Amino acid sequence: MRALICDEPGKLSLIQRDVPVPREGEVLVRIRRVGICGTDFHIYQGKHPFLEYPRVMGHELSGTVEEAPGSSRLSKGDNVYIVPYLSCGKCVACSRGVTNACQNIAVLGVHRDGGMSEYLCVPEQNVISAGNASLDEAAMIEFLAIGAHGVKRGGITAADRVLVVGSGPIGMSAIIFAKARGADVTVMDMREDRLAFTVASLGADRTLVANADAEAEARKITGGDFFDVVIDATGNAAAMQRGFGFVAHAGRYVLVSVVRQDITFSDPEFHKRETTLYASRNAQPDDFAEVVKQMEAGRVPTLALNTHRGALADAPQLFNDWLRPEAGVIKAILEV
Ligand SMILES: [Zn+2]
Ligand SMILES: [Zn+2]
């Protein structure tokens, strides 16, 4: 079978490999679509903190079942999506059902080889029927689930004024699921093209340019309160730090982003507001289910989000094209 391997930062090559043989409890999936995200670009550019090369990337995956265990609820030919987080089932987080924060987590395409190949063996519990979703839509479920998880962590309701900071794909997914819960959603970013898209296509209520006046603007928007919930999806330490200042008294702050640096905040400000701070890592099975539900309800504009596509064989060139900011990539999908 063909696989696309990242030998070292900046170098992608198409190689031949044997089709993997499923072990007990594993499903052999014929991969059909791979969504490309910031993580993949970071791996390609050598910016990922804990990555060993060579690596086959690809964690936003859909395909068809090629071979399933005898007792399986899946059968050959079923359209499926893959939950790419392999959890240990034994650690303290797993024992509480928080498998997304497993101490020994292995993410397909990051910690072990992922789905930029024709076939992949995946534990059966990580292979989920895609129902009515198309293969393209099914490959978008994972990144959307990350935003849905952040919204769930924030406990967002229709009573909340929410600020989503960062309008990349994860911020966009947070907007979609906060709107699905009926919240009032403001989006802040520096890129005005992206901000316009969030209003036109995702139903954001208003936008805020992340310039020096943003705090004053936020005060105006909220009648002096600031926001009940702030969700950070910037991947930028300075923005994450600044975000504390946009949280209302008694508000919640959800950090979906992760950066290598320390984040600090003013304790008197944090204390006086009684801010609740959440990390939001990966996503849980019910977040994936929420995405499918909202897709079926027509609340996820997958066609508008999927801006670019191409074939696996062309990926070495496409990665360089898609990395340019002028390319305007929101979600690119590779066909395998
Ligand atoms: Zn991703
Ligand atoms: Zn675990």
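# Close-up views of a predicted chain

**View 1. G25 touches P69, V122, P123 and E124 once residues up to four places away in sequence are set aside.** Here, touching or being in contact means having heavy atoms within 4.5 Å. Everything in these views belongs to a predicted model, where local features need pLDDT of at least 70 and side-chain atom pairs count only at pLDDT 80 or more, while totals for chains, interfaces and linings use all residues. To help you find your way, residues are numbered from 1 along each chain as its sequence is written, chains are lettered from A and ligands numbered from 1 in the order in which they are written, and side-chain values use heavy atoms, with hydrogens and water left out. You will find G25 in the loop between β2 (11-16) and β3. Helices (H or I, at least four residues) and strands (E, at least two) are DSSP runs, numbered from the N terminus. With 34% relative accessibility, G25 counts as partly exposed; buried means under 20% relative accessible area, exposed means over 50%, and partly exposed lies in between (1.4 Å probe, protein chains only). Looking further away, G25 and S129 are 104 residues apart along the chain, and 16 Å separates their C-alpha atoms.

**View 2. Stepping back, the protein chain contains 12 helices and 17 strands.** Its radius of gyration is 20 Å, close to the 20 Å that the globule rule gives for 336 residues, so the chain is as compact as a globular protein of that length. This radius is taken over C-alpha atoms, and the globule rule is 2.2 Å times the number of residues to the power 0.38. Along the principal axes, the C-alpha atoms fill a box of roughly 60 × 45 × 40 Å. Of the 336 residues, 52% count as buried. Among contacts with a separation of 6 or more, 66% come from residues 24 or more positions apart. About 14,800 Å² of the protein chain is exposed, with carbon and sulfur atoms supplying 49% of that area; accessible areas come from the Shrake-Rupley method with a 1.4 Å probe, and for residues only the protein chains shown count as cover.

**View 3. C37 (SG), H59 (NE2) and E60 (OE) coordinate the zinc ion (ligand 1), at 2.1 to 2.3 Å.** The pair C37 and E60 links distant parts of the chain: C37 sits in the loop between β3 (26-36) and α1 (38-45), and E60 in strand β4 (residues 60-67), 23 residues apart. Along the chain, the donors follow the spacing C-x21-H-E. Donors are N, O and S atoms within 2.8 Å of the metal (3.2 Å for Na, K and Ca); water is not among the atoms, so sites may look incomplete. Both C37 and E60 are buried.

**View 4. Y53 and P54 are joined by a cis peptide bond, with omega about -5°.** P54 belongs to the loop between α1 and β4. For background, most residues other than glycine have a negative phi, and most peptide bonds are trans.

**View 5. E274 and N282 each have a positive phi: E274 is near 50°, and N282 is near 50°.** E274 lies in the loop between α9 (267-273) and β15 (276-279), while N282 is in the loop between β15 and α10 (285-296). E274 counts as exposed, at 64% relative accessibility, whereas N282, at 14%, counts as buried.

**View 6. In strand β15, Y278 touches R153, R252, Y253, V254 and L255, leaving out residues up to four places away in sequence.** Y278 and L255 are 23 residues apart in sequence, and their C-alpha atoms are 6.1 Å apart in space. Y278 is partly exposed, with a relative accessible area of 24%.

**View 7. D184, a residue of strand β11, is in contact with D160, R161, V162, K179, D205 and R206, its neighbours within four places in sequence aside.** D184 counts as partly exposed, at 24% relative accessibility. From D184 to R206 the C-alpha distance is 8.9 Å, for residues 22 apart in sequence.

**View 8. R191 occupies the loop between β11 (184-189) and α6 (192-202).** At 31% relative accessibility, R191 counts as partly exposed. R191 and A216 are 25 residues apart in sequence and 19 Å apart in space, C-alpha to C-alpha.
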